[in-house]
Amino acid sequence: MSEVAQRFVLDTNQIVGAGSRWLDLEVVDPNPHLRLLVHVATDQVGLYCDEIIKEYTEKLIDRGSPEDRAKRLITYVRGAFEAVDIVTTQAPVSPADPDDEIFILCSLDGDADYLVTEDGDLLEIRASYERPIIAPCTEVLLAVGQ
């Protein structure tokens, strides 16, 4: 019997941390964010919604990723991850930054096991959620054996 894939929402800091440079180069020793991105895209179920994709794109370009590479990375994410229709209008416990709430909503409506983030506002409310598990990248990599 095969293992059931786990479901992940990656906060923008995970996508920006993975970067887009690897799309043009052979990556020998990927950083933890890239390792997680590839693991989720190839062995698990990544989740996104349109609002999250918009933020990924904006932040990649704002942080210096060339627009063509940012678009390629977004195409990769859209092809490898599953789209979630957001129907929940408010998180049971909202983060201090209202812009972060979409990640909670996507996690809830997508039945995510993990919301991976380095964002202090999301990590601050992690004890309020049994599922999804809200945790930083390195903690999640350890938990999933990567």
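Helix H4 has 14 residues and reaches 20 Å from its first C-alpha to its last, close to the 20 Å expected at 1.5 Å a residue. This is a predicted model, and H4 makes a handy starting point for a walk through it. From there we move to helix H3, then to the pairing of H2 with H4, and finally to the salt bridges, of which a search of the whole structure finds six.

**Helix H4: two sides**

- The buried residues of H4 are Arg69, Ala70, Leu73, Ile74 and Val77.
- Looking down the axis of H4, these buried residues fall within an arc of 140°, so they line one face of the helix.
- The general geometry is worth recalling here: an α-helix has 3.6 residues a turn, so residues three or four places apart point the same way.
- Asp68, Thr75 and Gly79 are exposed on the other side of H4.
- As for what lies against the buried residues of H4, they pack against H1, H2, S2 and H3.

**Helix H3: a similar question, which residues face inward?**

- H3 has 13 residues, and its span from first C-alpha to last is 18 Å, close to the 18 Å expected at 1.5 Å a residue.
- Ile52, Ile53, Glu55, Tyr56 and Leu60 are the buried residues of H3.
- They cover an arc of only 160° around the axis, which puts them on the same side of H3.
- On the other side of H3 you will find Asp50, Glu51, Lys54 and Asp62, which are exposed.
- The cover over the buried residues of H3 includes strand S1 (7-10), helix H1 (12-18), strand S2 (45-48), H4 and H5.
- After H3 comes Gly64, whose phi is positive, near 100°.

**Tyr56, a residue to click on**

- Tyr56 sits in helix H3 and has a relative accessibility of 0%, so Tyr56 counts as buried, the cut-off being under 20%.
- Leaving aside neighbours within four places in sequence, Tyr56 is in contact with Leu10, Asp11, Thr12, Ile15, Ile74, Val77 and Phe103.
- Two of these partners, Ile74 and Val77, are among the buried residues of H4.
- Between the C-alpha atoms of Tyr56 and Ile86, which are 30 residues apart along the chain, the separation is 17 Å.

**Helix H2 and its packing on H4**

- Helix H2 (residues 32-43) packs with H4 at an angle of about 40°, and their axes are 9 Å apart.
- That angle makes H2 oblique to H4.
- Where the two helices meet, Leu37, Val38 and Ala41 come from H2, while Leu73, Tyr76, Val77 and Ala80 come from H4.
- Leu34 is also found in helix H2, and at 5% relative accessibility Leu34 counts as buried.
- Leu34 and Gly19 are 15 residues apart in sequence, and their C-alpha atoms are 7.4 Å apart in space.

**Salt bridges involving H3 and H4**

- Arg78 and Asp50 meet through their side chains in a salt bridge, at 3.9 Å from N to O.
- This pair links distant parts of the chain, with Arg78 in helix H4 (residues 67-80) and Asp50 in helix H3 (residues 50-62), 28 residues apart.
- Which of these partners is exposed and which partly exposed? Arg78 is partly exposed at 38% relative accessibility, whereas Asp50 is exposed at 55%.
- Lys71 forms a salt bridge with Glu67, and their closest N and O atoms are 3.1 Å apart.
- Both Lys71 and Glu67 lie in helix H4, four residues apart, about one turn of the helix.
- Lys71 is partly exposed, with a relative accessible area of 46%, and Glu67 is partly exposed at 45%.

**A salt-bridge network between loops**

- Arg131 forms a salt bridge with Asp111, the closest N and O atoms lying 2.6 Å apart.
- Arg131 is in the loop between helix H6 (120-124) and strand S5 (133-135), and Asp111 is in the loop between helix H5 (101-109) and strand S4 (114-116), so the pair ties together parts that are 20 residues apart in sequence.
- At 38% relative accessibility Arg131 is partly exposed, and Asp111 is partly exposed at 43%.
- Asp111, Asp113 and Arg131 are joined into one network by salt bridges that share partners.

Note on methods. Residues are numbered from 1 along each chain as its sequence is written. This is a predicted model: local features need pLDDT of at least 70, side-chain atom pairs count only at pLDDT 80 or more; totals for chains, interfaces and linings use all residues. Side-chain values use heavy atoms; hydrogens and water are left out. A salt bridge is a side-chain nitrogen of Lys or Arg within 4 Å of a carboxyl oxygen of Asp or Glu. Buried means under 20% relative accessible area, exposed over 50%, partly exposed in between (1.4 Å probe, protein chains only). The expected span of a helix is 1.5 Å times one less than its number of residues. The arc is that of the directions from the helix axis to the C-beta atoms. Contact means heavy atoms within 4.5 Å. Axes are lines fitted to C-alpha atoms, for helices over the stretch in contact, and angles run from 0 to 180 degrees between N-to-C directions. Angles under 35 degrees count as roughly parallel, over 145 as roughly antiparallel, 65 to 115 as roughly perpendicular and the rest as oblique.
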